[in-house]
Amino acid sequence: MLFQTQFSAMRAIYCVEAVNSAQRKQIDELFREIQTVAEVRKLSTGRIVSYAVQTKANCCEILDEIAEVLRSINEHSLCLQPVDNVAMDIVSDLCRASGSTLLSVPTCGICGEKELFPGATITICSRGNARIVRYYCPRCTALECKPKVSDFVRALLDADRRNIRLQAEVKPLKRKSRRDLSFTIAR
Ligand SMILES: [Zn+2]
């Protein structure tokens with residue numbers, strides 16, 4: 001199993017045929033707006049523009065609304081549910097058939113499974129502009145959870161398959177909010 005389906009009721013994948021670059025822009029713009037109320041991941045670009053969206057259980061009606069708006073942009077649009085390997089295969093087949101570009105999906109640094117919506121993300125900045133970004137699935141994130149942020153970040157990196165050497169002390173540089181699990185640290 002590559003994809004977890006436990007959140008299937010709150011997730012959907014949308015594939016829209018974009019006939020020209022103006023329409024592609026319009027679709028991208030729509031999902032940029034959706035990003036303010038739901039989690040969004042772009043899956044493909046080109047003739048077929050695809051996005052995955054995840055919402056909280058109590059506002060999942062937005063998923064139907066998105067499908068309707070997309071149909072008004074182009075009747076050749078698809079809403080795939082549940083979000084599982086079958087849905088991902090459909091996206092990949094559509095891309096292959098249309099010459100569209102399939103974008104890469106994050107892989108959990110601990111269990112190695114593909115995860116559209118990682119539970120935590122750590123960006124490690126080295127000297128110069130080199131950056132390493134590591135993703136962790138919600139399950140592994142929950143398993144390594146610690147009350148103190150620096151301990152939590154350290155636990156994730158210790159469990160990470162990639163051997164990442166860090167300074168003795170881990171200091172997260174910036175976060176949007178306490179609930180934001182995207183950490184930026186200096187190496
Ligand atoms: Zn994992």
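## A two-domain predicted model: a briefing

Average pLDDT along the chain is 88, and 91% of the residues score at least 70. This is a predicted model, and the domain assignment divides the chain into domain 1 (8–102) and domain 2 (120–186). Their centres, taken over C-alpha atoms, are 29 Å apart. Here is a tour, starting with confidence and then moving through the sheets, helices and cores.

**Confidence**

- Residues 1–9 keep a pLDDT under 50, and the model gives this stretch 17 contacts beyond four places in sequence.
- Where pLDDT is low, the predicted coordinates should not be read in detail.

**The five-stranded sheet**

- Five strands form an open sheet in the order β4-β1-β3-β2-β5, with antiparallel pairing.
- At its edges are β4 (77–80) and β5 (101–102), each of which pairs on one side only.
- Strand β1 pairs antiparallel with β3 through 7 bridges, and in that pairing R11 stands opposite Q54 of β3.
- On its β4 side, β1 again pairs in the antiparallel sense, here over 4 bridges, with V16 opposite S77.
- Strand β1 is also mostly covered, with 6 of its 7 residues buried.
- Between β2 and β3 there are 5 bridges in an antiparallel pairing, and R41 has A52 in β3 as its bridge partner.
- The hairpin of β2 and β3 has 2 residues between the strands, and G46 in this hairpin takes a positive phi near 120°.
- Moving on to the β5 edge, 2 bridges join β2 to β5 in an antiparallel arrangement.
- Here T45 has T101 of β5 as its bridge partner, while S44 stands opposite L102 in β5.

**Helices and a loop around this sheet**

- Helix α1 lies across β1, β2 and β3, and runs at about 10° to β3.
- Helix α2 packs on the sheet as well, touching β1, β3 and β4, and its direction makes about 0° with that of β1.
- Helix α3 contains D89, which counts as exposed because it has 10 C-beta neighbours inside 10 Å, and 12 or fewer is the cut-off for that class.
- D89 and A67 lie 22 residues apart in sequence, and their C-alpha atoms are 20 Å apart in space.
- The loop between β4 and α3 holds P82, and a cis peptide bond with omega of about -5° joins Q81 to P82.

**Nonpolar cores**

- The largest nonpolar core counts 26 residues, and those with the most contacts inside it are I13, Y14, V16, Y51, A52, V53 and V91.
- Two or more residues of this core come from each of β1 (11–17), α1 (21–34), β2 (39–45), β3 (48–54), α2 (61–73) and α3 (85–98).
- Another core lies apart from this one; it has 16 residues, including C108, Y135, C140 and F183.
- Which residues does V91 touch, leaving aside those up to four places away in sequence? The contacts of V91 are I13, C15, L43, S44 and S50.
- Two of the residues with the most contacts in the largest core, V16 and A52, also appear in the strand pairings: V16 stands opposite S77 in β4, and A52 is the bridge partner of R41.

**The three-stranded sheet**

- A second open sheet, of 3 strands, has the order β7-β6-β8 and mixed pairing.
- Strands β7 (131–136) and β8 (182–186) are at the edges with a single partner strand each, so one side of each is left without a neighbour in the sheet.
- From one strand to the next, the twist averages 15°.
- Strands of a sheet pair through backbone hydrogen bonds, either parallel or antiparallel.
- Strand β6 (residues 120–125) pairs with β7 in the antiparallel sense over 6 bridges, and A120 has Y136 in β7 as its bridge partner.
- Helix α5 (residues 149–159) lies across β6, β7 and β8, and runs at about 85° to β6.

Note on methods
Residues numbered from 1 in each chain as written. Predicted model: local features only at pLDDT ≥ 70, side-chain atom pairs only at ≥ 80, totals over all residues. Domains from an automatic or database assignment. Core = buried A, V, L, I, M, F, W, Y, C linked by C-beta atoms within 7 Å. Buried ≥ 20, exposed ≤ 12 C-beta atoms within 10 Å, placed from the backbone. Contact = placed C-beta atoms within 7 Å. Pairing = 2+ DSSP bridges. Axes fitted to C-alpha atoms, helices over the stretch in contact; angles between N-to-C directions. pLDDT = per-residue confidence, 0-100.
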